[in-house]
Amino acid sequence: MAKKVVLGIESTCDETGVAVVRGDELLGQCTATSMDQFERYGGIIPEIASRAHLESFLPTLDQALQDAGVTLDEVDALAVAAGPGLVGSLTVGICAAKTLSATLGLPLYGVNHVIGHLAVDALVDGPFPERFIGLVASGGHSNLLLIEDIALSVRELGGTLDDAAGEAFDKVGRLLGLPYPGGPHVDRLARQGEPDAITFPRGLAHAKDRYPYDFSFSGLKTAVGRYLAANPLPEEDREDDREQAVANICRAFSESVNDSLTAKAVQAAKDFDCPTIVVGGGFAANSRLRELLVERADQAGVEVRFPPMKLCTDNGAQIAALGSALAEAGAPPSPMDFGPRTAMDLSQTYVA
């Protein structure tokens, strides 16, 4: 039986993404971002993001279809991010998807954007194993999931109790005066830091019985702030000393976050007898996370699957991939009256 062609629409935050897949093959995609509009604010402004989605959707759709070499008449099903995300941004994508669905008479799946971060890996590494651990790490999420069917059986094992990993990186970047978004700069500078120059605490490291698969990074961010208060950075005229001091802080901070993420991910794989860990989300691009998780997983005899960098951040391919998995599983489409789910439960793969 021929695989269905699924068009996916992503609009959860500040990226407008559209992609077309056939089964586990990515035919084409296009992503537009409004990130450059937020640098002066130091964070996302929801109203600006929503307006940017309105402006970007049609050009992004046209380009994705052109890259895929298909027309709308050749699409078999639609998928759109129903949540979690910003309500205004989600609304733009959902309205666009419903319009296409009603006009073309196509089934529509309102999917979980976070689970899509994991589903997208099938477009690169092929079918998933029967049972695996999903580590979602992004600006808004740090979660461990037990997955037996990416379309229909997802169980949340734990998540962050406060800041997500990417969020904590951005906040520490702000403390250090780095450009927005701070995360990539902290990651880059961490590679230049001196090993063991500074040690920061690991959140929930000693709470294995009560919080075995949970994370906490807010206290770590506070520890960085307290360290800076007690150890001010050298003046700007001592440029080399200042850069090294910042790099040392970044390295110690990065090591703490990634130690927590990787240790608990590998432990979950061992506890639930899973041969594979699949990582997704914008923070999956972090170089130390990739390095340390592969090292620890190898020692435990566990495979690690990372999507390529271009599929780590929000994109239409992740939505189309999850929509394709649902369509192939024979899941009924979402009702047409669904709306944005800003805090969509991670055990809910789509709006059923």
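Start by selecting His-113 and Thr-12: their side chains are joined by a polar contact of 3.5 Å. Keep in mind throughout that this is a predicted model.

**Stop 1: around His-113**

Colour helix α3, residues 113-119, and you will find His-113 in it. Is His-113 buried or exposed? With a relative accessibility of 6%, His-113 counts as buried, because the cut-off for that class is under 20%. Now show what surrounds this residue. Beyond the neighbours within four places in sequence, His-113 is in contact with Glu-10, Thr-12, Ala-81, Gly-83, Pro-84, Asp-314, Gln-318 and Ile-319.

**Stop 2: across to Asp-314**

From that list, pick Asp-314 next. Asp-314 sits in the loop that runs between β10 (303-305) and α10 (316-328). Its relative accessible area is 14%, so Asp-314 is buried. Which side chain does Asp-314 meet in a polar contact of 3.5 Å? Thr-12 is the partner, and Thr-12 also makes a polar contact of 3.5 Å with the side chain of His-113. Setting aside residues up to four places away in sequence, Asp-314 touches Glu-10, Thr-12, Cys-13, Glu-15, Thr-31, His-113 and His-117.

**Stop 3: the annotated set**

Add His-117 to your selection. The unreviewed UniProt entry lists His-113, His-117 and Asp-314 under "binding site". These residues are spread over 202 residues of sequence, yet they cluster in space, with a largest C-alpha distance of 8.5 Å. If you display the largest pocket, you will see His-113, His-117 and Asp-314 in its lining.

**Stop 4: the five-stranded sheet**

Follow the chain back from Asp-314 to β10, and bring up the sheet that holds this strand. It is an open sheet of five strands in the order β8-β7-β6-β9-β10, with mixed pairing. Which strands lie at the edges? They are β8 (153-159) and β10, each of which pairs on one side only. Look along the sheet to see the twist, which averages 25 degrees from one strand to the next.

Zoom in on β10 and its partner β9 (residues 276-280): the two pair in the parallel sense over three bridges. To find the register, label Thr-276, which stands opposite Glu-303 in β10.

Next, switch on helix α8, residues 239-271. This helix lies across β6 (132-137), β7 (142-149), β8 and β9, and runs at about 160 degrees to β6.

**Stop 5: the loop after β8**

Move to the loop between β8 and α5 (165-175), and select Asp-162 there. Its relative accessible area is 31%, which means that Asp-162 is partly exposed. What does the side chain of Asp-162 reach at 2.8 Å? The answer is the backbone nitrogen of Phe-217. Leaving out neighbours within four places in sequence, Asp-162 is in contact with Glu-167, Ser-216, Phe-217 and Ser-218. For a distance label, try Asp-162 and Phe-215, which are 53 residues apart in sequence and 8.0 Å apart from C-alpha to C-alpha.

**Stop 6: helix α6**

Finish with α6, residues 182-190, and show its side chains. Which residues of this helix are buried? They are Gly-182, Gly-183, Val-186, Asp-187, Leu-189 and Ala-190. In an α-helix there are 3.6 residues a turn, so residues three or four places apart point the same way. Among the elements that cover the buried residues of α6 are α5, α8 and α9 (287-300), so colour these helices to see the cover in place.

Key: Residues numbered from 1 in each chain as written. Predicted model: local features only at pLDDT ≥ 70, side-chain atom pairs only at ≥ 80, totals over all residues. Heavy atoms only, no water. UniProt positions renumbered as here; feature names shortened; annotations may be inferred. 1 Å grid on protein atoms, 1.4 Å probe; cavity = no way out; pocket = protein on both sides within 12 Å on 5 of 7 lines; lining within 4 Å. Helix = DSSP H or I, 4+ residues; strand = E, 2+ residues; numbered from the N terminus. Buried < 20%, exposed > 50% of the residue type's maximum accessible area, 1.4 Å probe, protein only. Contact = heavy atoms within 4.5 Å. Polar contact = N/O pair within 3.5 Å; in protein donor to acceptor, adjacent residues only side chain to side chain. Pairing = 2+ DSSP bridges. Axes fitted to C-alpha atoms, helices over the stretch in contact; angles between N-to-C directions.
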